[in-house]
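Please open the structure in a viewer and keep the sequence at hand. The tour below proposes a series of selections and states what is found at each one.

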Amino acid sequence: MNKQREIIYDQRRRILEGKDLRELFFEMLDDVVSDALELYGGKEISSGDWDYEGFAGWMHTKFNLRVDKDTLVSANAKEALKENLSEMLQEKYRRKEQKADTGMLRYLEKVIMLQVFDSKWKDHLYAMDYLREGIHLRAYGQREPLVEYTNEGFSLFTEMVNAIKIEIAEVLFRIEPQPVQEERGVFTRLAQNFIHSEFGQFEAEGAPVKAMEPSAPLDAGNHPAPEHHVGPKIGRNDPCPCGSGKKYKKCCGK
């Protein structure tokens, strides 16, 4: 765990301190392409038995790069093919730089790399804890728990590093940062469409502020305040003054 932590923290420090992470990203691209070539056409597989269509589909899915089978077959060696594909991916990424704001792209590279590293490392720590909790059971199978823990921990770490590189490469190739049109501050004044026409008087710059005078008094909820009767108080059981002949509580006193 200490060795793994040193490796991850060293890479994370490199990202935090790096001003231009494009070269680090291109290194990751080379490793990703190399691992994919091993997956679809390993050393033990002859060139005639390579899964060219599967590899071409993988390149399109991960990097949105179409590579025809003839281009793959025509390569003389795997190392030459890896260099050609890496150069194609780097050129595609440079074209993205030309379209977008370079400063914004550098910022996105740093943020995405840090987020992927932190997320994968956290998941890896959970996996290592889970492995440690049950590793003592290997002793029942006549296997040394410490050796098993070391071997499986190394495998998990290798898988995590590969997953980090693949996810970073895939995300950075799929994002399309837009050119900066106009910078707006948090308190930039924006045009507003008010429902009530009375608020339009405040839109004109320098217009005098007029107090709104409602025709009827309003209560705290902006509803017409109840009218108060002026004169002698009328009892609820007294005849209603409107002349209906009903008691006040059954007529106007409801």
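Begin by selecting helix 2 and helix 3, each of which supplies at least two residues to the lining of the largest cavity. The model on the screen is a predicted one. Now display L37, Y40, G41, W50, D51, Y52, F55 and L72, the residues that line this cavity. By character, the lining divides into 6 nonpolar residues, 1 polar and 1 charged. The space inside amounts to about 40 Å³. How many cavities of 30 Å³ or more does the structure hold? The count is 1. As background, rolling a probe the size of a water molecule over the atoms shows where empty space is left.

**The whole chain**

Next, zoom out and colour the model by secondary structure. The chain has 7 helices and 0 strands, and along the sequence its pattern reads α-α-α-α-α-α-α. Of the 254 residues in the chain, 26% are buried. Among contacts with a separation of 6 or more, 60% are between residues 24 or more positions apart.

**The nonpolar core**

Select F25, F55, F63, L85 and I168. These are the residues with the most contacts inside the largest nonpolar core, which has 41 residues. Two or more residues of this core come from each of helix 1 (2-17), helix 2 (22-40), helix 3 (52-63), helix 5 (78-99), helix 6 (102-134) and helix 7 (145-174). Which helix gives the most to this core? Helix 2 does, with 10 residues. In soluble globular proteins, nonpolar side chains tend to be buried together.

**F63 and the aromatic rings**

Keep F63 selected and hide the other core residues. Is F63 buried or exposed? F63 counts as buried because its relative accessibility is 1%, which is under the 20% limit. Leaving aside neighbours within four places in sequence, F63 is in contact with L29, V32, W58, L89, K92, A169, E170 and F173.

Two of these contacts deserve a view of the rings. The count of aromatic pairs comes to 9. In one of them, W58 and F63 meet edge-to-face, with 5.6 Å from centre to centre and 85 degrees between the planes. Both W58 and F63 are buried. Now add F173: the ring centres of F63 and F173 are 5.2 Å apart and their planes stand at 65 degrees, so this pair is edge-to-face as well. This second pair links distant parts of the chain, since F63 lies in helix 3 and F173 in helix 7, 110 residues apart. F173 has 5% relative accessibility and therefore counts as buried.

To see the wider group, select F25, F26, Y40, F55, W58, F63, Y93 and F173, which form one aromatic cluster.

**A charged residue in helix 7**

Move to E148, which is placed in helix 7. E148 is buried because its relative accessible area is 16%, under the limit of 20%. Which residues does E148 contact, leaving aside its neighbours within four places in sequence? They are I135, R138 and R143.

**After the last helix**

Finally, select C252, located in the segment after helix 7. Not counting residues up to four places away in sequence, C252 touches C240 and C242. Add P241 and draw a distance from C-alpha to C-alpha: C252 and P241 are 8.7 Å apart in space and 11 residues apart in sequence.

Technical notes. Residues numbered from 1 in each chain as written. Predicted model: local features only at pLDDT ≥ 70, side-chain atom pairs only at ≥ 80, totals over all residues. Heavy atoms only, no water. Core = buried A, V, L, I, M, F, W, Y, C linked by side-chain atoms within 4.5 Å. Buried < 20%, exposed > 50% of the residue type's maximum accessible area, 1.4 Å probe, protein only. Helix = DSSP H or I, 4+ residues; strand = E, 2+ residues; numbered from the N terminus. Contact = heavy atoms within 4.5 Å. Phe/Tyr/Trp six-rings, centres within 6.5 Å; stacked < 30°, edge-to-face > 60°. 1 Å grid on protein atoms, 1.4 Å probe; cavity = no way out; pocket = protein on both sides within 12 Å on 5 of 7 lines; lining within 4 Å. Points joined across faces, edges and corners; volume = space filled by probe spheres on them. Nonpolar A, V, L, I, M, F, W, Y, C, P; charged D, E, K, R; others polar.
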